Amino acid sequence: MINNEKGISLIEVIASLVILSFILISFVSFFPQMGKTNNSNEDKQQAISIAKTELIYWKDYFEFNGPEFKSFISTPSNSFSFIQTTDEIDSTEKETKIIISTKPRSTYSKPVSNYSYDLVINTINDLENGTTNAYQIIIKMYKNETIPLTETYGYVFIKY
């Protein structure tokens with residue numbers, strides 16, 4: 001009877017269940033982390049889309065309203081039609097940049113109340129051309145006004 005090994009003993013079954021439970025617990029711990037990563041990636045994708053849309057909005061607006069843009073970069077403390085009451089303007093950064101902190105202006109399919117951005121306008125002309133000025137604008141997207149998500153930039157071309 002001692003040498004009879006025809007079946008699986010209770011100790012072997014319990015040992016295999018313990019090993020399987022350790023393996024399953026290690027796999028289950030990955031799922032919440034994957035969920036957090038997916039949510040973070042979704043936030044970043046939406047922020048990228050909003051940043052591109054806002055960049056196009058500002059670029060088109062400033063190029064269409066060239067005189068108002070020129071007046072704004074020379075005296076940002078004045079009142080302008082594109083500045084909303086909730087916007088904050090900071091032009092103290094070595095007087096070479098103007099930062100407008102705001103919420104997205106466009107309408108999107110998902111609510112964007114937890115997104116905000118800084119519109120950074122470089123007031124120094126980046127183009128050595130006699131008839132056109134190029135000013136770099138940067139959109140820095142944030143979630144809950146503190147968590148940086150993405151950044152994109154473009155140029156506003158203003159003709160004399």
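Here is a walk through this predicted model, from the overall layout to the strands, the core and the largest pocket.

Let's start with the chain as a whole. The protein chain has three helices and five strands, and along the sequence they come in the order α-α-α-β-β-β-β-β. Of its 160 residues, 31% are buried. If you take the contacts with a separation of 6 or more, 47% of them link residues that sit 24 or more positions apart.

Now for the strands, going from β2 onwards. β2 and β3 run antiparallel and are joined by six bridges; here Lys97 stands opposite Asn122 in β3. On to β4, which pairs with β3 in the antiparallel sense over seven bridges. In that pairing, Tyr115 faces Lys143 in β4, and Ser116 stands opposite Tyr142 in β4. Then β4 and β5, also antiparallel, are joined by twelve bridges, with Tyr135 placed opposite Val156 in β5. The hairpin of β4 and β5 has three residues between the strands, and in this hairpin Asn144 takes a positive phi near 55°.

β3 deserves a second look. Eight of its eight residues are buried, so β3 is largely enclosed by the rest of the structure. In a regular strand, side chains alternate between the two faces of the sheet. You can see two sets in β3: Tyr115, Tyr117, Leu119 and Ile121 point one way, while Ser116, Asp118, Val120 and Asn122 point the other, and all of them are buried. β4 is largely enclosed by the rest of the structure too, because eleven of its twelve residues are buried.

What does the largest nonpolar core look like? It has 25 residues, and Phe62, Leu119 and Ile121 are the ones that touch the most other members. At least two residues of this core come from each of α2 (30-64), α3 (66-74), β2 (97-102), β3 (115-122), β4 (132-143) and β5 (147-159). α2 is the biggest contributor, giving seven residues. Zoom in on Leu119: leaving out residues up to four places away in sequence, Leu119 touches Trp58, Phe62, Ile98, Ile99, Ile100, Ile137, Ile138 and Ile139.

For a link between distant parts of the sequence, try Thr150, which is found in strand β5. Thr150 and Ala51 are 99 residues apart in sequence, yet their C-alpha atoms are 7.7 Å apart in space. Setting aside neighbours within four places in sequence, Thr150 is in contact with Ala47, Ile48 and Ala51, and also with Ile139, Lys140 and Met141.

Which residues line the largest pocket? They are Thr86, Glu88, Ser101, Thr102, Lys103, Ser116, Tyr117, Asp118, Tyr142 and Glu145. The pocket itself has a volume of about 170 Å³. β2 and β3 are the elements that give two or more residues to its lining, and β3 provides the largest share, three residues. By type, the lining divides into two nonpolar, four polar and four charged residues.

Some of these lining residues have already turned up. Ser116 and Tyr142, both in the lining, are the pair that stand opposite each other between β3 and β4. Tyr117 and Asp118 also belong to the lining, although they point opposite ways from β3.

Definitions and conventions:
Residues numbered from 1 in each chain as written. Predicted model: local features only at pLDDT ≥ 70, side-chain atom pairs only at ≥ 80, totals over all residues. Heavy atoms only, no water. Core = buried A, V, L, I, M, F, W, Y, C linked by side-chain atoms within 4.5 Å. Buried < 20%, exposed > 50% of the residue type's maximum accessible area, 1.4 Å probe, protein only. Helix = DSSP H or I, 4+ residues; strand = E, 2+ residues; numbered from the N terminus. Contact = heavy atoms within 4.5 Å. 1 Å grid on protein atoms, 1.4 Å probe; cavity = no way out; pocket = protein on both sides within 12 Å on 5 of 7 lines; lining within 4 Å. Points joined across faces, edges and corners; volume = space filled by probe spheres on them. Nonpolar A, V, L, I, M, F, W, Y, C, P; charged D, E, K, R; others polar. Pairing = 2+ DSSP bridges.
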